[in-house]
Amino acid sequence: MAYVTIRDVAREAGVSVAAVSQILHDKGRFSDETRKLVRDTVESMGYVPDQRARSMRSSETKTVGLLVPDLRNPYFADLVSSMEDELYRRGFTTLIGSSGESVERQDSFIENLLGQRIDGAIVVPQGVDSPGVESLVRRGLPLVFVDRRVPSVDSVPFVVSDPYPGIRSAVAELMRLGHRRIGYVSHPALGSFSVNEREVAFRAITGELLADGETIVVNCDATYESRQRALDELAESGMSAVVFAYSPDAITMLGLMTDRGLEVGADMSVVSFDDIAAFTMMTPSVSVISQQAETMGRQGVELLMRQLAGDGEAVAGTQYVPTVFIARKSSSALCR
């Protein structure tokens with residue numbers, strides 16, 4: 001179906017293209033009758049102004065690129081939703097992409113973004129320097145990293161969660177419930193600085209608080225088999241509680257526990273990162289360490305807006321959002 005153009009509107013209304021343009025922008029000296037005629041014609045024909053043409057006449061497009069690792073992950077869906085809502089409130093539209101936890105796909109989307117007329121970008125990077133990230137930084141496009149950072153890139157402001165407060169509260173609560181053998185499931189295959197930082201925090205906090213107990217850190221990747229092996233290690237080590245660094249691992253392994261006849265909350269207490277809706281609907285509901293995705297998203301947008309406004313103080317820097325432990329029924333008193 002052909003798009004209605006401003007020339008079509010002008011022809012139908014019997015006026016010039018310039019007259020239509022001026023009336024739509026509330027300019028020019030025209031009678032009320034002519035203004036009404038043009039506006040009625042625009043409405044009846046379904047004319048929508050061409051934003052691309054408008055952006056060619058202006059240095060501002062009111063468009064921002066958003067890139068996250070995986071839109072199927074409820075946590076990242078929540079993060080994108082918070083950023084998109086905040087950008088919409090400020091009059092911006094978004095171009096959204098997913099890297100699929102792949103540096104190659106990340107760089108491909110970045111290349112596509114750089115071919116668009118956008119005002120800036122908010123990116124959840126894969127955590128390593130790459131040609132795509134280098135291109136973004138070199139171009140000087142207003143840019144913010146959210147949730148994850150690239151350690152070798154210190155010129156880009158970023159907003160990340162601080163894992164220490166949430167993990168400390170979670171471990172303290174598990175200890176209060178009688179647990180002295182607490183396991184941890186890490187996911188180093190992601191190559192995420194932020195996810196790896198959680199393991200560092202867990203080791204430091206349990207080393208301080210759990211001197212009279214025992215911990216074990218097991219690794220897994222996105223495969224079903226590796227998650228089975230991780231659960232085997234936890235069970236063989238006699239852990240009575242476990243903290244998950246990555247919510248997709250928790251979802252799969254909770255199912256594995258049920259299949260093996262383990263009662264979550266009774267036989268094994270569980271805490272996972274990411275306050276996603278699925279955890280509230282499970283039985284029992286799952287205790288979480290919330291990264292406060294909405295807060296992080298809003299702060300990321302605010303940092304980008306400051307760059308767009310020319311605020312020099314926003315050129316670099318870090319904002320940490322404290323994680324928060326939320327106790328639910330999956331963490332309960334030790335029964336053995």
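Is D147 buried or exposed? Keep that in mind while we wander through this predicted model, and we'll get to D147 along the way.

**Stop 1: the domains**

Start by colouring the chain by domain. Domain 1 covers 6-49, domain 2 is made of 63-160 plus 293-320, and domain 3 takes in 162-292. Put a marker at the centre of domain 2 and another at the centre of domain 3: taken over C-alpha atoms, they are 28 Å apart. Where these two domains meet, 17 residues of domain 2 are in contact with 15 residues of domain 3.

**Stop 2: the open sheet**

Now switch to cartoon view and look for six strands that form an open sheet. Follow them in the order β2-β1-β3-β4-β5-β11, and check the arrows, because the pairing is parallel. Select 93-98 for β2 and 318-322 for β11: these strands stand at the edges with a single partner strand each, so one side of each has no neighbour in the sheet. As you step from one strand to the next, the twist averages 20°.

Zoom in on β5, residues 158-162. It pairs with β11 in the parallel sense, over five bridges. Show V160 as sticks and you'll find it opposite Y320, which belongs to β11.

Next, pick residues 74-89. That's helix α5, and it packs on the sheet, touching β1 (63-68), β2, β3 (120-123) and β4 (143-146). Compare its direction with that of β1: the two make about 170°.

**Stop 3: two residues with positive phi**

Time to select D147, in the loop between β4 and β5. Here's what we promised: D147 has a relative accessibility of 2%, and buried means under 20%, so D147 counts as buried. Check its backbone too, since D147 isn't a glycine and yet has a positive phi of about 75°.

Then hop over to E101, in the loop between β2 and α6 (103-114). E101 isn't a glycine either, and its phi is positive, at about 55°. The surroundings are another matter: with a relative accessible area of 23%, E101 is partly exposed.

**Stop 4: rings**

Show the aromatic side chains. A search of the whole structure turns up two aromatic pairs. Select Y184 and F202: their ring centres are 4.6 Å apart and their planes sit at 25°, so this pair is stacked. Y184 lies in strand β6 (residues 181-186) and F202 in helix α9 (residues 193-209), so the pair ties together parts 18 residues apart in sequence. Both Y184 and F202 are buried.

Another ring to visit is F273. Add R198 to your selection and you'll see R198 lying over the face of F273, at 4.4 Å from the ring centre.

**Stop 5: a serine and its surroundings**

Which strand holds S272? Select 269-273 and you have the answer: S272 is found in β9. S272 is buried, with a relative accessible area of 0%. Now show what S272 touches, leaving out residues up to four places away in sequence: F244, Y246, S247, A250, F279, S287, V288 and I289.

**Last stop: a cis peptide bond**

Finish by selecting T283 and P284. The peptide bond from T283 to P284 is cis, with omega near -5°. To place P284 in the cartoon, look at the loop between α12 (277-281) and β10 (287-290).

Conventions: Residues numbered from 1 in each chain as written. Predicted model: local features only at pLDDT ≥ 70, side-chain atom pairs only at ≥ 80, totals over all residues. Heavy atoms only, no water. Pairing = 2+ DSSP bridges. Helix = DSSP H or I, 4+ residues; strand = E, 2+ residues; numbered from the N terminus. Axes fitted to C-alpha atoms, helices over the stretch in contact; angles between N-to-C directions. Contact = heavy atoms within 4.5 Å. Phe/Tyr/Trp six-rings, centres within 6.5 Å; stacked < 30°, edge-to-face > 60°. Buried < 20%, exposed > 50% of the residue type's maximum accessible area, 1.4 Å probe, protein only. Lys NZ or Arg CZ within 6 Å of the ring centre and 35° of its normal. Domains from an automatic or database assignment.
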